[in-house]
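I sat down with this model to see how a few of its helices pack. My notes follow, in the order I looked things up.

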Amino acid sequence: MNRLAIVVPCYNEEEVLDETMRQLIHVLEELILKEKIAKDSYILFVNDGSRDKTWEKIEEGYRKSSYVNGLKLAGNVGHQNALVAGLMAAKEMCDICISIDADLQDDVLVIENMVDKYKEGFDIVYGVRSARTTDTFFKRTTALGFYKVMKIMGIRSVYNHADYRLMSKRALEHLEKYKERNLFLRGIIPLIGYETACVYYERKVRLAGESKYPLKKMLAFAFDGITSFSIKPMMFIMVLGMAIAIITVIAAIYAFSSYAYGRVVQGWTSLMLSLWFIGGMVLFSLGLIGQYIGKIYIEVKERPRYNIEKLLVH
């Protein structure tokens, strides 16, 4: 019988945590009753430096239920690092592991489908949204644009998949070999290469609390994903430079021909626009190159991605 661990990263989730525990415990009990998972399966809640009573809720759940374990990180390290911390902590204590957010927007009922897919021989099972009816028009459009850009950049990712997935023990062991600090798990997991499958579900409205991914964080996350997995933006700079060089040659030919035919007109506006355009592109290019250099700087220091303050395990 396979031991299942459900890893739940949490940041300021005290408003939803009681209901999250209730639903996930119910799922475990149902799967144990159906003899699909081992009786010592459990849920690991990872507290990512929450400022509210999230950790107190986790400790309370640990005392009340043998299914609830807790992992407290020393400070806020971000969702991706907190998720990896939970996965690596669970790796030694499970056969299969499912990651899910604490906000109850992902349908917990498809956990059984994930387990069934694993038994069919799939090491990685992605939870994929079947539709985006709960999203605003702006969020749907930007999400679609994000996946299209990722595809153009040559980054392998699963459309409409976030971080709701099942991974086998050997998939987790392979994930541990990826040591980069600039984490983008949606791009890393497909690189593992084991057999994968998808289960589909309808995403729900958040039960309580606020989204931990406002527009600013979503844009930063998307940019990190692109620059962590692709050098095509650097190629874009080179192509842009070549294009400007070609335009400059054409402009020079036009200027000399105009001078030869006596049609020279002093154009202050066109000159200023050209200067602003080229200056802007230079600053943009320097900024983009700086992002890559900054990521190299972070990687070469090899600082730990997280620090575990406390672990509660039954």
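Leaving aside neighbours within four places in sequence, which residues is T54 in contact with? I looked, taking contact as heavy atoms within 4.5 Å, and found C10, N12, E13, E14, L17 and N47 around T54.

Before going on, I noted the ground rules. This is a predicted model, where local features need pLDDT of at least 70 and side-chain atom pairs count only at pLDDT 80 or more, while totals for chains, interfaces and linings use all residues. Residues are numbered from 1 along each chain as its sequence is written, and side-chain values use heavy atoms, with hydrogens and water left out.

**T54 and its helix**

T54 sits in helix 2; for helices and strands I used DSSP runs numbered from the N terminus (helices are H or I, at least four residues; strands are E, at least two). I checked its cover next: T54 counts as buried because its relative accessibility is 0%. The cut-offs are under 20% relative accessible area for buried, over 50% for exposed and partly exposed in between, with a 1.4 Å probe and protein chains only. I also took one distance: the C-alpha atoms of T54 and V16 are 9.4 Å apart, with their positions 38 residues apart along the chain.

Then I went through the rest of helix 2. The buried residues there are T54, W55, K57, I58, E59 and G61. What lies over them? The cover includes strand 1 (4–10), helix 1, strand 2 (42–47), strand 3 (68–73) and strand 8 (308–312).

**Helix 1 against helix 2**

Two packed helices are described by the angle between their axes and the distance between the axes. For helix 1 (residues 14–33) and helix 2 (residues 54–64) I got about 20° and 9 Å. That angle makes helix 1 roughly parallel to helix 2. The axes are lines fitted to C-alpha atoms, for helices over the stretch in contact, and the angles run from 0 to 180 degrees between N-to-C directions. On that scale, under 35 degrees is roughly parallel, over 145 roughly antiparallel, 65 to 115 roughly perpendicular, and the rest oblique.

I looked up the handedness too: helix 1 passes helix 2 in a right-handed crossing. Right-handed here has the near helix turned clockwise from the far one, and left-handed has it turned anticlockwise, by less than a right angle.

Which residues meet? From helix 1 I listed E14, L17, D18 and M21, and from helix 2 T54, K57, I58 and G61. By class, this contact has three nonpolar, two polar and three charged residues. The classes are Ala, Val, Leu, Ile, Met, Phe, Trp, Tyr, Cys and Pro for nonpolar, Asp, Glu, Lys and Arg for charged, and the others, Gly among them, for polar.

I picked M21, in helix 1, for a closer look. M21 counts as buried, at 7% relative accessibility. Apart from its neighbours within four places in sequence, M21 is in contact with F45, K57, I58, G61 and V68. The C-alpha atoms of M21 and K57 are separated by 9.8 Å, and the two residues are 36 apart along the chain.

**Helix 1 against helix 4**

How is helix 1 set against helix 4 (residues 111–119)? The angle is about 40° and the axes are 10 Å apart, so the two helices are oblique to each other. This crossing is right-handed. L24, V27 and L31 of helix 1 make the contact with I111, E112 and V115 of helix 4. Those residues divide into five nonpolar, no polar and one charged.

I checked N113 in helix 4 as well. N113 is partly exposed, with a relative accessible area of 37%. Its C-alpha atom is 9.5 Å from that of C198, 85 residues apart along the chain.

**Odd phi values**

N12 is in the loop between strand 1 and helix 1, and its phi is near 55°, positive in a residue other than glycine. L104, in the loop between strand 4 (96–99) and helix 4, has a positive phi near 65°. L104 counts as buried, at 8% relative accessibility.

**Whole chain**

Last, I jotted down the totals. The chain has 10 helices and eight strands, and 44% of its 314 residues are buried.
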